[in-house]
Each structure stands twice: as C-alpha cells, then as structure tokens.
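Please examine the sequence and the model below. The paragraphs that follow move from charged pairs to buried elements, and then to the cysteines and the surface.

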Amino acid sequence: MKTAEIAQRFLDFFEKKNHTIVPSASLVTDDPALLFTVAGMVPFIPYLSGVVPPPYPRAADVQKCIRTNDIEEVGKTPRHGTFFQMLGNWSFGDYFKEDAIRFAWELLTAPESEGGLAFDPKDLWVTVYKEDDEARDLWRSLTPLPEERIQRLGKDTNYWSTGLPGPAGPCSEIFFDRGPDYGIDGGPATDDDRYVEIWNLVFMQYEITNVRSKYDFDIVGELPAKNIDTGMGLERIAFIKQGVDNMYETDQVRPVLDLAAKLTGKAYGHESHEDDVRLRIVADHVRSSLMLLADGVTPSNEGRGYILRRIMRRAIRSMRLLGVEGATFPELFAASRDAMKESYPEVEADYARLSAYAIAEEQTFLRTLAAGSAILDQSVAEAKIGGGTTLSGSEAFLLHDTYGFPIDLTLEIAEEAGLTVDRGSFDQLMLEQRTRAKADARARKGAIADQSAYREFRALGETVFTGYTELQTESKVLGILIAGHGTDRASEGQIAEIITAETALYAESGGQVADKGIIVGPGYELEVLDVQRPVPGLISHTVEVTTGEVSVGAPATTVVDALNRHSAQQAHTATHLVHAAIRDTLGKSATQTGSLNRAGYMRFDFSWGSALSAETRTEIEDIANNAVRDNLEVTTRVMSLDEAKAAGAMALFGEKYGDTVRMVDVGGPWSRELCGGTHVARSSEIGLVNLVGEQSVGASNRRVEALVGLDAFRDLAAERAIVSQLSTSLKTPREQLTTRITELAASLKAAEKKIAAFEAQALTGRLPQLVESAVAVGTVRVVTQSLGEGASADDVRSLALQVRDRLGSDPAVVALASVTSGRATVVVVTNDAARERGLAAGALAKGAAGVLGGGGGGRPDVAQGGGTDATALPQALEGIVADVRATTA
C-alpha cells in the first residue's frame, strides 16, 4: 500500500466520521518558540489551549513535520526521520476517550476492502497511563485485546504536557509487534525496537500549574472542554504495510536511496552497516530539504535557513564519504520530486525554483570543502614542521563554525597525516555554542509562555480591522497587559499592550510594517509604538501612555498617522509593481521570497541566480514607472483560496492563507497577488519608483531596494545636486562627465603606477644594506628591519625574498616590516635549511602579529601578519629573533 494511499484512507475514514478535513499547515510555524512545525498538534495549539475558539468541533489532517533534535540518529534506527508526516484526528470539546479509541481500532483493523488498514489484532499492543483506569477499561470493552497486551506506564511515556502551565492529560499509545526476529518479548514496556509506536491518543482533560518539569507539576482540575489530540506516523504505517524494515525503504524515500547507491557504486543492504546508514541519511535529508524549500525556507547561516543548510550539507558530506566528490543534487532532488509529487504536487510545479537553491547550495559547499581542505592542509603542515602531533580544538572549531567544515572530515584528514585533534577542546567549544543556542531557545519559549493572557480577549471574537476604509475608528478597551500580565489600568509613562474590539491601525504582516498613530479616549492619549497579532485573530497595540490614565472598558479611538500610512501604501503597491516587472523581465521563475515595505522605502527579495545587469535594472524600473504613469486601478476582492488561485493570483512562499483570502489586482491580471496589506487606489498615487540597489542575499536569491514617492524624488534631487557640483568643479558639461571622470581615473592610475615603480626601485636599492645587516642567531642568519612608512605588502614580500636568496643556502630567516595608514605589516620568509631546523614562517609571523594586536600566518616558507599597534614593531621583530633562538637552542 503506497504512502499516499494510506494518507487518503485515513482522511476518507475520518471524513465519514464527520471530521472537517484540514490541509497541512506549512513546515514554517508562526509559533515564535519553534523554528518548524515539529508535531501534528502545533497548528492546533491555539484551539487546544483555548486561546482561539475552534472553527470546527472535530478535524482530521495529514501534517508535514520537521524535527532536528535527534538528527544524529537519522539512518541508524528504523523510525527516525527529519521530515515526516503525522496523521491526526482532533476533537475540540466534542468526543473524548471512548470515540477516540473506537475510531483508532476500527481504522487499524478494518479490512482494506472497507477502507481500513487491515492490521491483525494479534500484532497490536497498547499502553495507558498507569492511573488512567478509564482508558484501560475502554480498551478492554471496545476491543478484543487481552489484558496482557494493555500495559500501564508512567508519566515519562504516557502523559502529555507542553512543559508549561495549561492543558495536559494522559495518553494511550498503540504499538505494532514486528515479531521475534526484531527483538525480545515483553511488549512496549521493554522499550525495544521490536515494538513500533504507530498511534498516540492524547486525552487533554486537565489544567496544570506550578510546572517544575515536563513530568512534575500540579493539577488544578479538569478542563471545561476536554480535547482529543492524536498522531499516527504515516511513515511508520507505510514501512509496516509495505513489508520493509524501516521508513527509508518506503515508496517516498527508497527511490533516492537507490539512486544514491547507484551513484556511489554501493550495494545497499549488502555492504557495511556504516555505508547503509550514510545512504539512508542521504535519502532522508534530500527529501527533507526538498520539502523545506517547497515551504519557502532557503539556505542561510541563521535560524531555519541554517537548519536547512546543515541538512543539505550532511547529505553532501555523506555522499563524499561514500566516494562521490562531485555534484549529485541535480539527480537526487529530481528523484525525490518524483517520489513526493503525488502527495505534494507543488514540488513538481515549483521544481525549477527548488532545484536552483539545492544545486547552488551544493556548489557552494563543494567549494567550501575545497577551501577548508586547503586551510586544514596548511595547519597540518605547520604542525608537522613544528614537531607537533595534535591539531588544536580551536582550529577544528574554526573550520567547523566559520567554514562549515565537518569535524569528521577534519579528524579523517588529520589521521591520514599522522596527527590527532584535541577533541576535548573542540567538544567544549561546541558545548558552549549549544548552550548559547539553548538559552536563546528558552528565551524564545519564554516569550510566549503566557499566551494564555490573550485567551479571554480572543474568546470575545476577532479584532475587527477597519483600516482598509477608515483612518479613525471608535471602539473600547477590552484589555490591558503590562509585561505580559493583565491589569485594569495603565498610567502616564507606562508601556502597555492595549486590546480593542476594533482598530484602524494596521498590524505588521506581509512585509508591511505596523502603522504609526495614537489611541485617544476620555482623559488619556496613547502613542502607538507597535501593532502585532500575538495570536490568530487578535490585534494588540503596544503603546506608551503619554497623557492621563487608561482603564479597561474605557472608550478608545484608534487614529492612524495618515501621512505615514499613505507613504507605506505607496511602498507596498510599488512592491507589487516591481514584482510584476521582474517577472516580465526575467520570467515566471523569478518569484518573491521576501519583502519589507515602510513609508518611502521598499525591499524585495526574489529567486534568481545571478546579478542583474544595469540594463536589466533599468528595464525593471521603466516597467514599474510605466505602470505608475498608466494610472492603473488597484482593486481588492475577498474570495475563497481556491477561487483566487483559479483566477491566477500568486500565493507567496512562506505566507500562510486561510480559507478566505484577499486578492489585490493592479491593472487587472497584470499584477494579481494574495495580500492583506494596504494599498493606494490607483498606481499614479505612487508617484515614482527609484531602484537604488541590487545585491545577493544568498545562493539563488537576489534583493532589490527602491525609494518610493517623495523619498524617491528627494534622492534623485540629491543626485542632481552632486552632478551639478561635479560639472562645475571639473568645468565639464553634464553629458561629458562620465568620459571626463574616466580620463581622470586613468591618469591617476598611471601616476600611481609610476610612483609605485619609483618606490620599488628605492626599496631594491636597500638590498645590499639589508644583506649586510644579517646577524647570527646560533647557526641561523637573521635579518629583521622595518622599512618605514608606505611600502606595500607585495613590495615588502618581494624584497624579503631577494634578501633570502642573497643569504645563500645556510639557514636564514628574513623578517621585514612596513607601516601603511597606521597599520603594521610583517613578512617572514625562510629557506630550506631553516625549515629543516623547525623554523616555519607561518608560526613566526603569527607570533609577531600577536604583539602588534592582530593576526597572521601562512606557508612554512612565506607568511605574513599584521596589527593596528604600529608602535610595537620593534618588539615584534625582537620577538621573531627570540623565537628563532628558542627553536634552535
């Protein structure tokens, strides 16, 4: 039974049980405490916690998930996957334990001909919380399970909570027994891989407080509305139903594994276990990367992008360890696309964009591996010349953290060179980094720890946003929060959150920043600092009380700063024009990946693999401004998501849409996007679009920036003033300025070359004196001298090499220095005889640079260092002499 069929059977079954079928939420979650949707319940947290009233009494879904907390276990066990799919059925105060158990058993054991999954009851075990007699009795009365296959376990396995105050409850898990060939008897209580957990039924029935740990808390009482939260691992059901040993061999993953085996020449299942693990890592990580890319995540060095980059690079590294050093993503990602497109058609429809990111990331990392190998080779050479046997943990960490060079590759190369790595020091540095990351995660988790504070306000209904048509709206204060805690009033000088029933103030979203404005009422005035949506459907105003005192229940009028709003609308509508212009110019694959709109300024990120030429930028700017000139009508319509897509509206990556959406047209279908932002009524109101910058913001991602309206005009006026000043100063007509400046630059360059030639000649004239200045340090002749101000590093290096050659074949070390713009530079060179005595130029330069307050290094024969403390040059040169003496003593 194919994975897609299992998922459809699940949805069909629960649709017949009167569940609303909910599409999968994005892998990118709104929850600020999480980077990704890590479990099926994440999209339903607002309903399960009671913060947001549920839109339906019962639901079912197939939710995409990503987990990376146990990424090191991927490939080693049959059940650990980075990307996985959770089948879930949900009840929000509707049915409870009895129906949850009945539904689960019916679907699992019903014949395939009746829409079931046809599990043999003799292969199924269940666990219940040890104190949950009700669940245990229901399993006995509703199913044929014997007493011995219903096991009672403790809180660590059979009690669910978030680790925060709020809802919690016991759970019951269903396991499949794979048989005696896979482990020992004894049921799930043995915690053996023989028993695979396939479905978890969570009974949310209690309110907890005083949470000391995830399993240590006080139960306040029963929830007024008891919820059901279930999760069945689709991949686990698939590998059992398909008769294979693990999730990596199922129909959605195996094609990538087989292709990786073919590309590496490895026979999966017939070679070493280590090779099999690496092949499974490749299969899992390629699929996970494809799905993250499809949901708008792009590789970067922070946040979600860093996780994606790490997953992709682990796949590349695994292929390298399997013997392939070239690019493989073009083939592997295509195989994953074909395996996943039945369940997720978007991976095929948008494959050009997804593959562009994947291929660019692989090319970048392959270059990183080459560069890291060169740096590591240099460190290994210096260590061996210096007689060392160990690479420092800090060097290994630098390679890992700065260059993305895997530690296992560092260990491998070092071992081949006969060296070890100070792994203890490396692990300590990694631990410190993880500790910082965990502290950041705790801080983010704490930031939403008291979302329950919004529950009572959200229960009153959604905040009505009137700002599309009004700049001023009368309402009343529903609630006041100070430092996250509810209060009945806020006084002058205090910062608070204000919740009103209606508001004209726009909350930051869709790339558009929040409105500026005030909230006024009897005897008080509030300056609005920010407007956000802390939970779906609720708008919160962060304010400073500038006059008087505001209290709950008071009348409140939200007033928008009209000029700021209009400028922001100009920028937001200009973003739509620029997007359409880019697609007209570059093609349909150039799609938006991010934006920022504020008064007078817009920033637009889009998928594209190379820099835009000046001609292309001009063309995009012309198309956008022609649209401004044409005074195109800007219209908005509210409709269903399916209707909008059928009309050709663009749904942007990373954005989340409900069943009802707002479609914005500029000039009819020319620009048609789903957008909740505010816009001008006609394109001519934008005034002017002035593209002022274009740059890379990652592999296959570009950014354009533009000034809009009056800000654009002011920028062009400033440029006009500069041109006028240059024209006057150079006594050249404006149309000839470019030619004149080019001529002046060429003359300056020629003069600089002449000066450099004279300086080099002067330095060469010092060669005899430098050779004569050599002093004997033991058996080594040493030259150390500062050449003073102005000599370039290249000139100093050239002169040092000439001095070394004049000193002959006896051991010699030459260290020459110069000062340029207040920064000191030292170049150290050694000959063969000196290096045989353990004198490495890199180590000597690094020591001197430390004295100068900087850094340095290089090859054993030629190296360079420097620093900002030029006054310490005498001590730095003396230090080189001392190092030579100490090394040769």
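Arg458 and Glu462 join their side chains in a salt bridge, with an N to O distance of 3.7 Å. In this model, which is predicted, the two partners differ in their surroundings: Arg458 is buried, because its relative accessibility is 7%, whereas Glu462, at 56%, counts as exposed. The structure contains 47 salt bridges, and several others merit attention.

Between Arg703 and Asp605, the side chains meet in a salt bridge at 2.6 Å, N to O. Arg703 belongs to strand S28 (residues 701-708) and Asp605 to strand S23 (residues 601-607), so this pair ties together parts that are 98 residues apart in sequence. Both residues, Arg703 and Asp605, are buried.

A further example involves Glu147 and Arg140, whose side chains form a salt bridge of 3.3 Å, N to O. Glu147 is partly exposed, with a relative accessibility of 37%, and Arg140 is likewise partly exposed, with a relative accessible area of 35%. These two residues do not stand alone, for Arg136, Asp137, Arg140 and Glu147 are linked in a network of salt bridges. As a general matter, side chains of opposite charge can pair when their charged atoms come close.

Another arginine engages a backbone atom. Arg178 sits in the loop that runs between strand S7 (166-177) and strand S8 (195-213). Where does the side chain of Arg178 reach? The side chain of Arg178 comes to 2.7 Å from the backbone oxygen of Asp245. Arg178 has a relative accessible area of 17% and is therefore buried, since the cut-off for burial is under 20%. As an indication of the span of the chain, the C-alpha atoms of Arg178 and Gly765 are separated by 85 Å, and these residues lie 587 positions apart along the chain.

Helix H6 (residues 234-241) offers a view of burial at the level of a whole element. Six of its eight residues are buried, so helix H6 is largely enclosed by the rest of the structure. The buried residues of H6 are Leu234, Glu235, Ile237, Ala238, Phe239 and Ile240. Just after H6, Gly243 adopts a positive phi of about 70 degrees.

In helix H17 (residues 562-586) lies Gln569. Gln569 counts as buried because its relative accessibility is 13%. Which residues does Gln569 contact, leaving aside its neighbours within four places in sequence? The contacts of Gln569 are with Thr678, His679 and Val680.

The cysteines may be considered next. The structure holds zero disulfides. For Cys65, the closest cysteine sulfur is that of Cys171, and the 17 Å between the two sulfur atoms is too far for a bond, because a disulfide requires sulfur atoms within 2.5 Å. Cys65 is buried, at 0% relative accessibility. Cys675 also counts as buried, with a relative accessibility of 11%.

Finally, the surface carries a nonpolar patch of about 240 Å², made by Ile722, Leu726 and Ile741. Of these residues, Ile722 is found in helix H20 (residues 710-730).

Methods: Residues numbered from 1 in each chain as written. Predicted model: local features only at pLDDT ≥ 70, side-chain atom pairs only at ≥ 80, totals over all residues. Heavy atoms only, no water. Patch = residues over 30% accessible without salt bridge, like charges linked within 9 Å, V, L, I, M, F, W, Y side chains within 5 Å. Areas by Shrake-Rupley, 256 points an atom, 1.4 Å probe, with all protein chains shown as cover. Salt bridge = Lys/Arg side-chain N within 4 Å of Asp/Glu carboxyl O. Helix = DSSP H or I, 4+ residues; strand = E, 2+ residues; numbered from the N terminus. Buried < 20%, exposed > 50% of the residue type's maximum accessible area, 1.4 Å probe, protein only. Polar contact = N/O pair within 3.5 Å; in protein donor to acceptor, adjacent residues only side chain to side chain. Contact = heavy atoms within 4.5 Å.
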